Amino acid sequence: MRPPPDLSANCESCAALCCVVFAFDKSDSFGIDKAACEVCPNLDESDHCRIFDARLEMGFGGCIAYDCHGAGQRVTREVFNGMHWREDPALMERMGAALSVMRRVHELLLLLRSTKSFVLSAEESNTLRGLEDVLNPDRMWTEKTLQAFPILDVSTEVYAFLRSLKHHAGSLTTART
C-alpha cells in the first residue's frame, strides 16, 4: 500500500499553478480580473509572489484563503515529473486540468482523515480503507489516470459514507462534556 500523501501545501515544490491556471474576477477577494491560464501579474520569474506580504492590503485575500492541500506540488512533481509551464507553455492548460482533479482528490482524502477520531465498525473501517485506496492508488497518478478518474462518482461515494457516520458525531459531543 502506498503511503498517504502530504495534504499540506508546499509552494516551493510547485510550479505556481494556482497563480496561473485559475481565473478570478475583480472582487473583495481579488484585486484584478485574471483569465484562466494567464500568469498573475504579481508572480515574478522565480514563481514568487511580488506582493506576498501585502496580499490582504492589496485586495488579494482570496490568495490567502486558497489551499490546494498539497495538490499543486503533487501535480508538478508526480504527474509532470518536475516539468514547468514556463519551459513549455503548452503544459499550462494540461497542468491546470490535472490540478483541478488532484485538488478534489486531496480534499476528499482530507475529509476521510477527519473520521480517524471515530470508533468505526469493521464494515465502516473497510469502507474507509476502500475509499482511501481509490483516492490514493498503489500506482502513481498520471495525466491520463487523472483525466479518466470518475471524480464526481467518487465524491458522491465519499459524501454518502460521511453522511452514514453522522451517528458518531453525537458520541464525540458526549465524550467532550
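Helices here are DSSP runs of at least four residues, numbered from the N terminus. With that in hand, welcome to the tour of this predicted model.

**Stop 1: the whole chain**

Start with everything shown as a cartoon. You will find 7 helices and 0 strands, so to speak an α-α-α-α-α-α-α pattern when you read along the sequence. Turn the view to get a feeling for the extent: along its principal axes, the C-alpha trace spans about 50 × 40 × 25 Å. Of the 177 residues in the protein, 40% are buried. The contacts reach along the chain too: among those between residues at least 6 apart in sequence, 67% join residues at least 24 apart.

**Stop 2: helices H2 and H3**

Next, select residues 71-79, which form H2, and residues 91-113, which form H3. Their axes are 9 Å apart, and the two helices pack at an angle of about 125 degrees. That angle makes H2 oblique to H3, because angles from 65 to 115 degrees count as roughly perpendicular and only those over 145 as roughly antiparallel. The crossing of H2 past H3 is right-handed.

Now show side chains where the pair meets. From H2, pick Ala71, Gly72, Arg74, Val75, Thr76 and Val79; their partners in H3 are Met95, Ala98, Leu99, Met102, Arg103 and His106. Sorted by character, the residues of this contact are 7 nonpolar, 3 polar and 2 charged.

**Stop 3: the nonpolar core**

Select Leu17, Trp85, Val105, Leu135 and Phe149. These have the most contacts inside the largest nonpolar core, a set of 38 residues. At least two residues of this core come from each of H2, H3, H4 (122-135) and H6 (151-164). H3 gives the most, with 11 residues.

Stay with Leu135 for a moment. Which residues does Leu135 touch, not counting those up to four places away in sequence? Light up Val105, Leu108, Leu109, Leu112, Trp141, Phe149, Val154 and Val158 to see them.

**Stop 4: His69 in its loop**

Finally, move to the loop between H1 (61-65) and H2, where His69 lies. Is His69 buried or exposed? His69 has a relative accessible area of 15%, so this residue is buried, the cut-off being under 20%. Show what surrounds His69: leaving aside neighbours within four places in sequence, this residue is in contact with Asp6, Leu7, Ser8, Ala9, His106, Glu107 and Leu110. You have already visited His106, one of the H3 residues that meet H2.

Definitions and conventions. Residues numbered from 1 in each chain as written. Predicted model: local features only at pLDDT ≥ 70, side-chain atom pairs only at ≥ 80, totals over all residues. Heavy atoms only, no water. Axes fitted to C-alpha atoms, helices over the stretch in contact; angles between N-to-C directions. Parallel < 35°, antiparallel > 145°, perpendicular 65-115°, else oblique. Left-handed = near helix turned anticlockwise from the far one by under 90°. Contact = heavy atoms within 4.5 Å. Nonpolar A, V, L, I, M, F, W, Y, C, P; charged D, E, K, R; others polar. Core = buried A, V, L, I, M, F, W, Y, C linked by side-chain atoms within 4.5 Å. Buried < 20%, exposed > 50% of the residue type's maximum accessible area, 1.4 Å probe, protein only.
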